[in-house]
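Here are three short exercises to work through with the structure open beside you. Try each task before you read its solution.

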Amino acid sequence: MNNRIKEFRARFNLTQEDLAKKVNVRRETIVFLEKNKYNPSLRLAHDIASVFDARIEEIFLFE
Amino acid sequence: MKRAIIVFILAALVLATVGIWMFLGSSELTSVDLVSFGVIFLVIGFAVFIGYKRLNSARRGEPPEDELSKKVMQKTAGLSYYISLYLWLAIMYFSDKLKYETHTLIAAGILGMAVIFTICWLVFNFRGIRNE
């Protein structure tokens, strides 16, 4: 599974720390997500999609 | 924050105990003692690292634990338990062939488990958990 978190973060002008605070996780988790080293839970994926006002499948791309 | 402070207090207590053991124990340190101290310092270093990470997260206003850190801990606990079974099997096998006392072998097993846990945590923490 790939994701476009970095792209959306740049579009919304958010740092990794800002996004981490908004979805209540550590910054390392955002780093791991962006490097595709971790697949988030449905809850976290939903929270991230809510921050970017997008649908989950727009941010997380299933191969 | 509280848990990070508890980790630091525990690390300090272990360090103090090791210090007492070093200075009040036998006058000459054997190679087994030196290896034990090395492993204990390694484990204390790991605990301090974890405590420092938690403290840093708390300072930045982030949760000290989240779903990734919990998952890493779960995977680490599972794998290290599995590997530790083989460590104890090896210790049981070699206990007849080695002339170390029982308490030394048990201490080696406990320290070995701590080392295995540390290595598993490092692997999962830096490699990540994907497609699971």
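**Exercise 1.** Work out how chain B is divided into domains and how the two parts meet.

*Solution.* Start with the bounds: in this predicted model, the assignment for chain B places residues 1-65 in domain 1 and residues 66-132 in domain 2. Next, take the spacing: the C-alpha centres of these two domains of chain B are 18 Å apart. Then list who takes part: domain 1 of chain B brings eight residues to the contact, and domain 2 of chain B brings nine residues. Finally, sort the domain 1 side of chain B by character: six nonpolar residues, one polar and one charged.

**Exercise 2.** Describe how chain B touches chain A.

*Solution.* First, count: 16 residues of chain A and 13 residues of chain B form the contact. Now look for the main contributor on the chain B side: helix α3 of chain B (residues 67-95) gives the largest share, three residues. Last, sort that side of chain B: five residues are charged, five are polar and three are nonpolar.

**Exercise 3.** How do helix α2 (residues 16-23) and helix α3 (residues 27-34) of chain A cross?

*Solution.* Begin with the axes, which come within 8 Å and cross at roughly 110°. Angles of 65 to 115 degrees count as roughly perpendicular, so α2(A) is roughly perpendicular to α3(A). Now find the residues: α2(A) makes the contact through A:Gln16, A:Glu17, A:Leu19 and A:Ala20, while α3(A) uses A:Arg27, A:Thr29, A:Ile30 and A:Val31. Sorting the residues of this contact gives four nonpolar, two polar and two charged.

Key: Residues numbered from 1 in each chain as written. Chains lettered and ligands numbered in written order. Predicted model: local features only at pLDDT ≥ 70, side-chain atom pairs only at ≥ 80, totals over all residues. Contact = placed C-beta atoms within 7 Å. Helix = DSSP H or I, 4+ residues; strand = E, 2+ residues; numbered from the N terminus. Nonpolar A, V, L, I, M, F, W, Y, C, P; charged D, E, K, R; others polar. Domains from an automatic or database assignment. Axes fitted to C-alpha atoms, helices over the stretch in contact; angles between N-to-C directions. Parallel < 35°, antiparallel > 145°, perpendicular 65-115°, else oblique.
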